[in-house]
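Work through these exercises with the sequence and the structure at hand. Try each task before reading its solution.

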Amino acid sequence: MQPRVMGANFQPTKTKDNLISINTMAATALTAAERKAIFEPMKKKSDSFMLSAIIAHFIFGIFLSFFYDTYLVAIGVGGLCLASYFITKALLPSSNLYQYILSAVLAIFTAQFIYQMHGLFEMHFFVFVGSTLLITYQNWRLQIPLIIMVVIHHASFAYMQYLGNTEIYFTQLEYMDLQSFMFHGLLAGIICAVCAYWAFGMEEKTISEATNKIALEEQLKNVKSNIAFAEQISSGNLAVEYSEGLKRDELGKALITMRDNLLQASIKEKQEKYITVGLTQVGDIIRNNADSLKNMAEDFICTVVKYMGMNQGGLFLLENEGESEFLNLVSCYAFDRKKYINKRIDIGSGLVGQCFLEKNIIYMTTVPQGYVTISSGLGAASPNCIVIVPIMTSEEIVGVMELASFKPLEPYQLDFLQKISENIASSILTSRTTERVKKLLAESQQQTEEMRAQEEEMRQNMEELQATQEEMRRKELHLRKVLDESQVKAALGQV
């Protein structure tokens with residue numbers, strides 16, 4: 001009989017290698033904020049170091065100006081390089097653009113030194129110095145502005161020098177063929193590529209170490225959270241909340257699954273206990289009122305309403321009057337008297353009569369306006385749910401129970417109502433059968449007593465009749481004797 005309504009497994013812990021693999025994968029998916037947090041300490045340290053480096057470059061340019069009187073170049077070009085670096089960093093403090101400006105500045109300083117020393121070959125090595133210095137930022141892309149600027153000024157200086165411009169210097173050699181220039185540039189490119197590779201490797205290592213550290217810290221936090229969570233579970237607090245971090249931890253997931261399973265088992269146990277205790281109470285009512293259907297009905301509806309935390313309820317039983325059948329309200333609890341003055345409901349009339357015909361539970365969470373009200377000392381209000389249960393066995397229906405409440409019912413409570421309706425239906429049928437047997441027995445005893453009284457009356461009548469007959473015989477004998485004596489006297493007188 002279905003009510004008609006209106007209205008995880010444990011997982012193994014990952015190994016260290018798996019953890020590192022996960023951290024490496026996570027490193028490739030770091031957000032900008034996470035990358036900034038990881039590289040910010042290194043960035044500040046590199047900024048401090050590179051500040052000293054470019055100031056040293058500027059001072060070195062001033063030093064070189066004494067050789068060929070290139071003070072204007074040292075101060076002008078070097079000053080512009082410093083200004084471009086500091087202005088960019090000041091205007092865009094949250095951007096890494098100043099690092100790319102720094103890469104180009106190092107290349108410009110190299111060109112400045114080559115020019116100041118009239119193409120001294122050793123000045124070309126400042127390209128490698130700058131490329132090496134940029135490794136500290138662990139960003140391989142910083143090598144790109146450096147090598148581009150180096151290629152541009154090397155190619156342009158060499159070309160202008162070979163065109164005969166005596167004020168432009170690339171090398172102190174009298175002549176450098178294209179092959180030598182290509183090897184020169186190729187070696188510079190290889191150095192920058194190697195430095196870029198080192199920067200990339202250092203960046204990956206930094207990210208991996210940071211993510212591993214974060215993962216380790218997260219694991220330590222999770223261990224503490226897991227311990228606290230497990231202690232709460234062991235103390236019986238199955239409703240304890242868990243942190244979001246536990247969802248990402250395998251042991252935490254296992255603990256959550258265990259907690260959920262225990263919670264479900266606990267809920268199921270409470271529901272089963274609820275049904276068992278309720279059935280026991282109903283059974284006690286049936287045993288204690290086996291001789292009185294009225295008392296059984298009253299105790300039953302009162303107990304059900306109180307046990308389930310309902311607000312009011314009524315029990316209608318099937319009765320007949322001649323050939324017509326109807327539902328009669330035999331017991332109620334907390335119902336409004338005015339509304340239920342008429343305790344008789346025809347079969348099929350209203351929801352109660354409809355439930356009797358359909359033989360199915362009706363559960364409403366949207367109660368029609370004015371259908372029923374719950375009265376108390378604080379006033380009257382409409383209930384939030386109505387449940388109407390047919391009182392029936394598997395073969396026969398004997399009535400309907402109607403309950404109203406402000407609180408909605410759970411599925412296990414509907415199941416409880418179905419079970420107790422079957423129990424009380426069987427008891428009602430048994431009680432009515434017993435009452436009919438008692439009535440028949442009383443009628444039979446009354447008839448027997450009447451027959452005994454009639455027999456006694458007949459016996460007394462027979463005895464009276466016999467006494468009368470005996471008296472008549474005695475009188476007859478007396479009359480005969482008198483007659484005989486008279487005849488004898490008459491005969492003697494004649495003689």
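**Exercise 1. Take stock of the chain.**
Task: State what share of the residues is buried, then describe the surface and the secondary structure.

Solution. Start with burial. The chain has 495 residues, and 36% of them count as buried. This is a predicted model. Next, take the surface. The accessible surface comes to about 30100 Å². Carbon and sulfur atoms account for 60% of that area. Finish with the elements. The chain holds twelve helices and nine strands.

**Exercise 2. Describe how α2 packs against α3.**
Task: Find the angle and the separation of the axes of α2 and α3, and then name the arrangement.

Solution. Step one is geometry. The two axes are 8 Å apart, and the packing angle is about 165°. Step two is the arrangement. Angles over 145 degrees count as roughly antiparallel. Therefore α2 is roughly antiparallel to α3. Step three is handedness: the crossing of α2 and α3 is left-handed. Step four is the contact itself. From α2 come Asp 47, Leu 51, Ile 54, Phe 58, Gly 61, Ile 62, Ser 65 and Phe 66. They meet residues of α3, among them Tyr 71, Ala 74, Gly 78, Gly 79, Leu 82 and Lys 89. Step five sorts this contact of α2 with α3 by class: eleven residues are nonpolar, four polar and two charged.

**Exercise 3. Place His 57.**
Task: Decide whether His 57 is buried or exposed, and list its contacts beyond its sequence neighbours.

Solution. First, locate the residue: His 57 sits in helix α2. Second, check its accessibility. The relative value is 7%, so His 57 counts as buried. Third, look around it. Setting aside neighbours within four places in sequence, His 57 touches Leu 106, Phe 109, Phe 113, Phe 126 and Leu 133.

**Exercise 4. Compare two residues with positive phi.**
Task: For Asp 69 and Gln 138, give phi, the loop and the burial class.

Solution. Begin with the background. Most residues other than glycine have a negative phi. Now take Asp 69. Its phi is positive, near 55°. Asp 69 lies in the loop between α2 (32–68) and α3 (71–91). Its relative accessibility is 58%, so Asp 69 is exposed. Turn to Gln 138. Phi of Gln 138 is also positive, near 55°. Gln 138 belongs to the loop between α5 (126–133) and α6 (143–162). With a relative accessible area of 9%, Gln 138 is buried.

**Exercise 5. Locate Glu 204.**
Task: Name the helix of Glu 204 and its burial class, then give its C-alpha separation from Asn 139.

Solution. Glu 204 is part of helix α7 (residues 178–234). At 32% relative accessibility, Glu 204 is partly exposed. Glu 204 and Asn 139 are 65 residues apart along the chain. Their C-alpha atoms are separated by 10.0 Å.

**Exercise 6. Describe how α9 meets α10.**
Task: Work out the arrangement, handedness and make-up of the contact between α9 and α10.

Solution. Take the axes first. Those of α9 (residues 250–288) and α10 (residues 293–308) come within 9 Å and cross at roughly 160°. The two helices are therefore roughly antiparallel to each other. The crossing of α9 and α10 is right-handed. Now the residues. Contributors from α9 include Lys 273, Tyr 274, Val 277 and Ile 286. Those from α10 include Met 296, Asp 299, Phe 300 and Met 308. By class, the contact of α9 with α10 has nine nonpolar, three polar and two charged residues.

Terms used
Residues are numbered from 1 along each chain as its sequence is written. This is a predicted model: local features need pLDDT of at least 70, side-chain atom pairs count only at pLDDT 80 or more; totals for chains, interfaces and linings use all residues. Side-chain values use heavy atoms; hydrogens and water are left out. Axes are lines fitted to C-alpha atoms, for helices over the stretch in contact, and angles run from 0 to 180 degrees between N-to-C directions. Helices (H or I, at least four residues) and strands (E, at least two) are DSSP runs, numbered from the N terminus. Angles under 35 degrees count as roughly parallel, over 145 as roughly antiparallel, 65 to 115 as roughly perpendicular and the rest as oblique. A crossing is left-handed if the near helix is turned anticlockwise from the far one by less than a right angle, and right-handed if clockwise. Contact means heavy atoms within 4.5 Å. Ala, Val, Leu, Ile, Met, Phe, Trp, Tyr, Cys and Pro count as nonpolar, Asp, Glu, Lys and Arg as charged, and the others, Gly among them, as polar. Buried means under 20% relative accessible area, exposed over 50%, partly exposed in between (1.4 Å probe, protein chains only). Accessible areas come from the Shrake-Rupley method with a 1.4 Å probe; for residues, only the protein chains shown count as cover.
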